[in-house]
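Me: I have a model open and want to go through it with you. Can we start with the loops and then move on to helices and salt bridges?

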Amino acid sequence: MSFLLEFISELRRRAVIKFAAIYAALAWVVLQFIDLVFPRLGFPDWTITFVLLIAAIGFPFGLIFAWIFERTPDGLKITAPLNNPEKETLKSSGKMGDVAVVSVLTVLVGLLYLNQFLDIDEPDVATVDIVATTSSEVDAQADVMDSPSIAVLPFTNLSALQENAYFAAGIHEDVLTQLSRIEGLKVISRTSMMRYAGDTQKSIREIAQELDVNHVLEGSVRRAGDQVRITFQLIEAATDKHIWAQNYDRSLENIFAVQTEVASAVALQLQGKLSFHPGQVVVAGPSTSAAIYDQYLKARELSDFWRDPKAAVLMLRQVIDDDPGFSEAYATLAKALMGTRETGAQWADIREEVFRSARRAVELTPLLDHGHRQLGYAYTLDNRYEDAQTSFLTALSLNPNNAETYQGLAKVKRDQGLHAESILYLEKSLEFDPLNAKTLTDLGFSIANIDPERALPLLEKARDLNPEMPQIYAVIGNVALATGGLEKFYDNWRLAIDVGKMEQLFPLNIMSFFLGSIGGGDLANRYLDEMKAISPKHSLTYASLLLNDLATSQLKDRYSKKHLALCQAWVEHDSDSILARRYLADALRAQAYRAKQDENLKLAAELNQQANEQYEMALEGFRRPDGTYSYANPMGFGVIHFGLNLLETGDAVRGRLILDGALTQIEADPVFPFLHIHRFAVYASLAKDEAALDALEDGYKNGLYSAWVVESYVDRWFPRFVKNVRYQRIMHQIEARNAKALVYIRLRESLI
């Protein structure tokens, strides 16, 4: 105890305690000042932590400096030791005073650390009511401000004319867009928010929990002629308290500024957690007239969710004629044009206008993400994946909150066979659009490439969200087939056909192919006839004609001259179809094989050269910088066929490079069970026979039914397998299951 008193006495004599008190007091004042001022000047949160860190580091050095040096009339000098060798004692009052100072300093430093690192904020008494809260509510309120997020409920249309609903929807989408551009603010996409349109029995808190947000913005729109009143309320989800409300009365000519004002007002309420400066303009509204903007909103409403893309295209063309400088109209036109593909339009027919519109949007307003995003989708349809990725990443840099941009990047990666990267982008998209059935379906499909069982819950959730979407049933059916569920496969594909309209073509195509491949040619023809009745010149109809011909023909008759003529007709009709070119390449390759058997080597060489040219064009979008091709995609067979054909025609170096590249991808990433046949072909072509048979057996265990595909490969390219006992056993198992499946489906078909 005496030692402690002596130490405290020495601290007082050397003015260390006095220095500590002054240092802590000054640090407290400085930190309170920057905590108040820095957010309003737009400084990020880390700057406050940085100043605190500097203050904390300087504190012990200051104490050491105070112990060693003392201030004298002659300046700083090293502190002299005590002259009196006897130990001095402290008076009681002095002891208590020093103990109090040390205690206060300890508490002060502790509060500084708690305030900065645990982020204990005092409520804003101007906007938040003082209420009794439970500990769980306190935790919820702390979470509210940790990562600002907001859901904007569909605005209520209070206009006397219900047809003005499009106008309320348009204002809602524009406000969402402006908010999404605020850095650091998570904004839920309109697709998810539309599920709360109309009357909903859910409370604000329930909606916020479903969407994983901590703020909700409500609004209503009342339009009377050229006058508009828009009302907004910002609600803190954890407490269900209104923290901001505002009415805006505007004429149509001045409506554009409202979206920016609302975004700025919301940012102002959340300014302590955003790097966005409240005085900053987000993005100016369009500079078009009110009448043209009104027409634009009507067209955009028709293009959203593919309500009527054809009508939207006509209206948007008129909007652009009236205002050639309206950049958003060009971007929306590109989107609407691509939407017409859902109703049967061919990419070749709309391609030029799509690119022209998207590029014009980018030229007029390069800092808006919408044009870059639509350009990315156009490049994707053109199979120009590097260009598509560049456009999507540019859009993402301009607006990191847009779910559609992440969906676009996911599609690029999925089409390239990069399923793991696709999954990451889809999961990011769902952060901003958690109730989007299509994104959930795409995610389920991508996961099915790796783990079919894990994909089913996601797909079933998507189905519950949108039971009218045929693609969901199709993917569930595929996954069911991959896991051995023939009944579930058939039932879901029948639902996909029954639910679909023009989209019937895809499930009809699969059913026709599947039935043909297991020996049910008569049933396959029934589905094929339905396709021809719906759209005789559609790419999927051509694909079904070709697949049906291959599946139902005898082995020796496959790839006949009639088949070649069908492929040539498809390419003439749709020269941009990579699938058409791949089938044409396969047909040319088969004819070259026959010419070689007939010892017509010159014709064989010519046909093989033509086949290679078609493969090159079809696979251009899948070519990687190292000369290999992404094979785990719908063109995977084309990659393998191209490699085999190069080997066959003497270009062994390049052929081996392509097949080795496919092998590297096989061994690096798991693939969807239906691609096991690809694995078989790659391993067989590289003389890895046991690995090839392993792949074939894996395919059988995971739903491989297409025995004729395997037979075609073995008959033409790998005859050494014909007498292999293991190969024969696997093929017998596949054929036996085919026969059982055919009996089951014939029975079900007779009951429909």
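Reply: Yes. One term is needed before the loops: helices (H or I, at least four residues) and strands (E, at least two) are DSSP runs, numbered from the N terminus. Bear in mind that this is a predicted model.

Me: Fine. Where does Asp240 lie?

Reply: Asp240 sits in the loop between strand 7 (227-236) and strand 8 (241-251). Its phi is near 60 degrees, which is a positive value in a residue other than glycine.

Me: Is Asp240 buried or exposed?

Reply: Neither; Asp240 is partly exposed, at a relative accessible area of 40%.

Me: And Glu599, what is its phi?

Reply: Near 65 degrees, again a positive value in a residue other than glycine. Glu599 is placed in the loop between helix 26 (578-597) and helix 27 (601-619). With a relative accessible area of 69%, Glu599 is exposed.

Me: One more loop. What is Pro400 in contact with, beyond its neighbours within four places in sequence?

Reply: Tyr406 and Phe432. Pro400 itself is in the loop between helix 15 (385-398) and helix 16, and it counts as partly exposed at 40% relative accessibility.

Me: How far is the C-alpha atom of Pro400 from that of Asp369?

Reply: The two C-alpha atoms are separated by 9.4 Å, with Pro400 and Asp369 being 31 residues apart along the chain.

Me: Stepping back, how many helices and strands are there in the chain?

Reply: There are 33 helices and eight strands. The chain has 752 residues, and buried residues make up 51% of them.

Me: What share of the contacts comes from residues 24 or more positions apart?

Reply: 62%, counted over contacts in the chain with a separation of 6 or more.

Me: On to helix packing. At what angle do helix 10 and helix 12 pack?

Reply: About 25 degrees, with the axes of helix 10 (residues 290-303) and helix 12 (residues 327-339) 10 Å apart. Angles under 35 degrees count as roughly parallel, so helix 10 and helix 12 are roughly parallel to each other. Their crossing is left-handed.

Me: Which residues make that contact?

Reply: Helix 10 contributes Tyr296, Arg300 and Ser303, while helix 12 contributes Glu328, Ala329, Thr332 and Ala336. By class, the contact of helix 10 with helix 12 has three nonpolar, two polar and two charged residues.

Me: What about helix 24 and helix 25, what angle there?

Reply: Helix 24 (residues 539-552) packs with helix 25 (residues 561-573) at about 170 degrees, and the axes are 10 Å apart. Helix 24 is therefore roughly antiparallel to helix 25.

Me: And which residues are in that contact?

Reply: From helix 24, they are Ser539, Tyr542, Ala543, Leu545, Leu546, Asp549 and Leu550. From helix 25, they are Lys562, His563, Leu566, Cys567, Ala569, Trp570 and His573. The residues of this contact between helix 24 and helix 25 divide into nine nonpolar, three polar and two charged.

Me: Changing topic: how many salt bridges does the structure hold?

Reply: 40.

Me: Take a few of them. What does Glu363 pair with?

Reply: Glu363 forms a salt bridge with Arg360, and the closest N and O atoms are 3.3 Å apart. Both lie in helix 13 (residues 347-364), three residues apart, about one turn of the helix. Glu363 is exposed, with a relative accessible area of 55%, whereas Arg360 is partly exposed at 32%.

Me: What about Lys411?

Reply: Lys411 forms a salt bridge with Asp415, with 3.0 Å between the closest N and O atoms. Lys411 and Asp415 are separated by about one helical turn because they are four residues apart in helix 16 (residues 403-415). Lys411 counts as partly exposed at 27% relative accessibility, but Asp415 is buried, with a relative accessible area of 13%.

Me: And which residue does Asp442 meet in a salt bridge?

Reply: Lys438, at 3.0 Å, N to O. The two residues are both in helix 18 (residues 437-448), four residues apart, about one turn of the helix. Asp442 counts as buried, at 15% relative accessibility, and Lys438 as partly exposed, at 44%.

Me: Which residues are joined into one network by salt bridges that share partners?

Reply: Glu173, Asp174, Arg190, Arg300 and Glu301. Arg300 came up earlier, as one of the residues of helix 10 in the contact with helix 12.

Methods
Residues are numbered from 1 along each chain as its sequence is written. This is a predicted model: local features need pLDDT of at least 70, side-chain atom pairs count only at pLDDT 80 or more; totals for chains, interfaces and linings use all residues. Side-chain values use heavy atoms; hydrogens and water are left out. Axes are lines fitted to C-alpha atoms, for helices over the stretch in contact, and angles run from 0 to 180 degrees between N-to-C directions. Angles under 35 degrees count as roughly parallel, over 145 as roughly antiparallel, 65 to 115 as roughly perpendicular and the rest as oblique. A crossing is left-handed if the near helix is turned anticlockwise from the far one by less than a right angle, and right-handed if clockwise. Contact means heavy atoms within 4.5 Å. Ala, Val, Leu, Ile, Met, Phe, Trp, Tyr, Cys and Pro count as nonpolar, Asp, Glu, Lys and Arg as charged, and the others, Gly among them, as polar. A salt bridge is a side-chain nitrogen of Lys or Arg within 4 Å of a carboxyl oxygen of Asp or Glu. Buried means under 20% relative accessible area, exposed over 50%, partly exposed in between (1.4 Å probe, protein chains only).
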